[in-house]
Each structure stands twice: as structure tokens, then as C-alpha cells.
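I opened the notebook to look up a few surface patches, one side chain's surroundings and some backbone angles. My entries follow in the order I made them.

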Amino acid sequence: MHTISDKQQEEESKITAGILQLIASVERLRSPTEGCPWFRRQTLQTVRRYLLEEVYEVLEPLDTESPEKLQEELGDLLFQIIVLSQMASERGWFSLDHVLQRLNEKIIHRNPHVFGELQADSIEEVQRIWLARKSLEKSVDGVTPESPLRGLSATMPALALAQAYIRRSGLFKTDWTFPYPSLVFDFESRLVSHIDGMETGLGRMLFMLVDLACRHQLDAEAALQKINAQFRQKASEQFSKPLKEPRA
């Protein structure tokens with residue numbers, strides 16, 4: 001039987017106290033009588049840009065491995081989540097405790113190889129379990145799974161979205177094919193043998209493609225988003241059979 005140590009209890013008490021204090025501070029900022037005039041004017045739409053800014057600001061200390069900066073930026077990102085939860089509560093939608101409860105339920109449901117009886121002997125098997133569970137959560141009838149691409153927002157930058165689509169498409173079969181296979185082979189050969197390394201080589205190729213788009217008065221972002229949409233539709237059409245979970 002799993003028991004909680006005194007140190008764990010102390011840590012949990014600190015986290016609980018910190019969250020409650022932060023919630024109280026946000027409620028005070030939003031208060032019609034005691035709050036901040038600027039904060040009271042903020043809406044779900046105006047907060048969007050601050051949320052996006054904070055997400056990007058978290059990425060920098062991740063890249064530089066700066067613990068103090070990462071701690072600060074994670075706090076700023078958490079603040080935006082608390083603010084959005086407070087705004088939702090004011091509308092009668094939900095409160096932070098609902099957010100936390102649903103998150104915990106999803107973590108447990110999507111990882112039955114840790115919290116349940118299923119076994120997973122490889123990373124690929126873990127990914128398939130996660131995909132099957134998530135797809136069923138998103139389905140309308142709870143039986144037929146949704147496309148694994150449906151949870152990805154089309155508002156993501158086109159390149160990041162394309163990478164996410166391709167990573168997830170590795171978890172199911174698709175008959176999507178790319179034109180000009182010889183060109184792809186040539187790019188890959190140059191990439192592998194690039195004198196400055198593969199990442200630099202890839203960056204140069206991408207920059208070259210953007211330059212090509214500019215010379216023909218094309219929007220590279222819009223062009224890739226168009227292909228993303230086509231791939232998303234193709235995957236949705238194919239993903240119609242329930243996924244089988246690995247053995248128990």
C-alpha cells in the first residue's frame with residue numbers, strides 16, 4: 001500500500017497553499033469593487049495574446065537550460081491559466097478545481113499501463129495505448145474513435161502543426177503519399193551529408209523554400225497550412241475503425 005511521507009505531506013501543503021493564494025489574488029484583481037481597473041476590462045479574447053507570449057517565453061529558458069528563468073516563466077504561464085479559469089468561473093462555465101480534476105482523470109485514463117492492468121513493452125505500444133484512449137474520449141458515441149489529428153489546433157504555426165501531424169500519423173496507417181519521390185531522396189541525401197550537420201542543413205533547405213516562395217509572391221505559411229488541411233481531411237476519412245488496445 002502506498003503511503004505518503006511527512007515530507008510529501010509538507011510539500012503538498014505548500015503547493016495547496018500556493019495555489020489557493022494565487023486564486024485569491026486573481027479573484028481580488030478581477031473584483032468589481034476592489035480589483036484593478038485594467039484587469040477587470042480583460043476578456044477571453046484580450047488574454048489570448050498574453051497567453052501566447054508566455055508560452056513562447058517559457059521556450060527560451062528551456063533552450064538555454066536556465067533554471068531560475070524557467071521557474072519565473074512557468075509561474076507567469078500558470079498565472080495565465082489561473083486567470084482564464086477565473087474568467088470561465090465568472091461565466092458559470094467551470095472553475096480551476098474542475099480543470100485539475102479533468103486533467104488528473106485524463107492522465108489516469110490514458111496511461112493504463114501505469115495506473116491500470118494493461119502492459120506496454122515498448123514506447124510504440126505506449127503511444128498506441130495513449131492514442132486509442134484519447135481517440136475514444138473525443139468520440140461522439142464513445143465507441144468509434146476520432147481522428148488522432150483532431151485535437152491539434154489548426155491555429156498553430158504551419159510548420160509546427162505539420163510536424164505534429166506527421167508524428168501522430170506514425171501511430172496509424174495512412175495512404176498519404178508525397179509527390180516527386182526522387183526529389184525527396186535527393187533532399188535527404190544532402191541533409192545526411194551536410195557539412196555543418198543535419199539540423200543546419202535542414203534549416204538551409206527550409207530557408208531556401210521560403211526564398212522560393214517569396215520570389216514567386218507566394219505565402220509559405222498559407223501554402224503549408226493548405227497542405228496541412230488536406231492531410232487532416234485525408235486522415236479523418238481513413239480513421240474510421242476502432243483501435244484495439246494492446247493485450248492486458
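Entry 1, nonpolar patch. I looked up which residues make the nonpolar surface patch, and I found Leu159, Leu202, Leu206, Met208, Leu209 and Leu212. The patch covers about 490 Å². I noted that the model is a predicted one.

I then looked up which element gives the most to this patch. Helix H10, residues 198-215, does so with 5 residues. I picked leucine 206, which is found in helix H10, for a check of its exposure. Its relative accessibility is 34%. I wrote down "partly exposed" because that value falls between the limits of 20% and 50%.

Entry 2, negative patch. I looked for a patch of negative charge on the surface and found one formed by Glu53, Glu57, Glu60, Asp63 and Glu72. Which helix supplies the largest share of the negative patch? I found that helix H3, residues 44-64, supplies it, with 4 residues.

Aspartate 63 lies in helix H3, and I looked up its exposure as well. Its relative accessible area is 67%. Aspartate 63 is therefore exposed, as the cut-off for that word is over 50%.

Entry 3, a glutamine in a helix. I moved on to glutamine 80, which has its place in helix H4, residues 67-90. Is glutamine 80 buried or exposed? I found a relative accessibility of 8%, so glutamine 80 counts as buried. The cut-off for buried is under 20%.

I also looked up what glutamine 80 touches, leaving out residues up to four places away in sequence. The list I copied down is Val47, Tyr50, Leu51 and Glu54.

Entry 4, positive phi angles. Before this step I reminded myself that most residues other than glycine have a negative phi. I therefore listed residues that go the other way.

Glutamate 65 is one of them: its phi is positive, about 50°, although it is not a glycine. I located glutamate 65 in the loop between H3 and H4. Glutamate 65 counts as exposed, because its relative accessibility is 70%.

Glutamine 217 also has a positive phi, near 55°, and is a residue other than glycine. Where does glutamine 217 lie? I found it in the loop between H10 and helix H11, the latter spanning 220-238. At 69% relative accessibility, glutamine 217 counts as exposed.

Definitions and conventions. Residues numbered from 1 in each chain as written. Predicted model: local features only at pLDDT ≥ 70, side-chain atom pairs only at ≥ 80, totals over all residues. Heavy atoms only, no water. Patch = residues over 30% accessible without salt bridge, like charges linked within 9 Å, V, L, I, M, F, W, Y side chains within 5 Å. Areas by Shrake-Rupley, 256 points an atom, 1.4 Å probe, with all protein chains shown as cover. Salt bridge = Lys/Arg side-chain N within 4 Å of Asp/Glu carboxyl O. Lys, Arg positive; Asp, Glu negative; His and termini not counted. Charge placed at Lys NZ, Arg CZ, Asp CG, Glu CD. Helix = DSSP H or I, 4+ residues; strand = E, 2+ residues; numbered from the N terminus. Buried < 20%, exposed > 50% of the residue type's maximum accessible area, 1.4 Å probe, protein only. Contact = heavy atoms within 4.5 Å.
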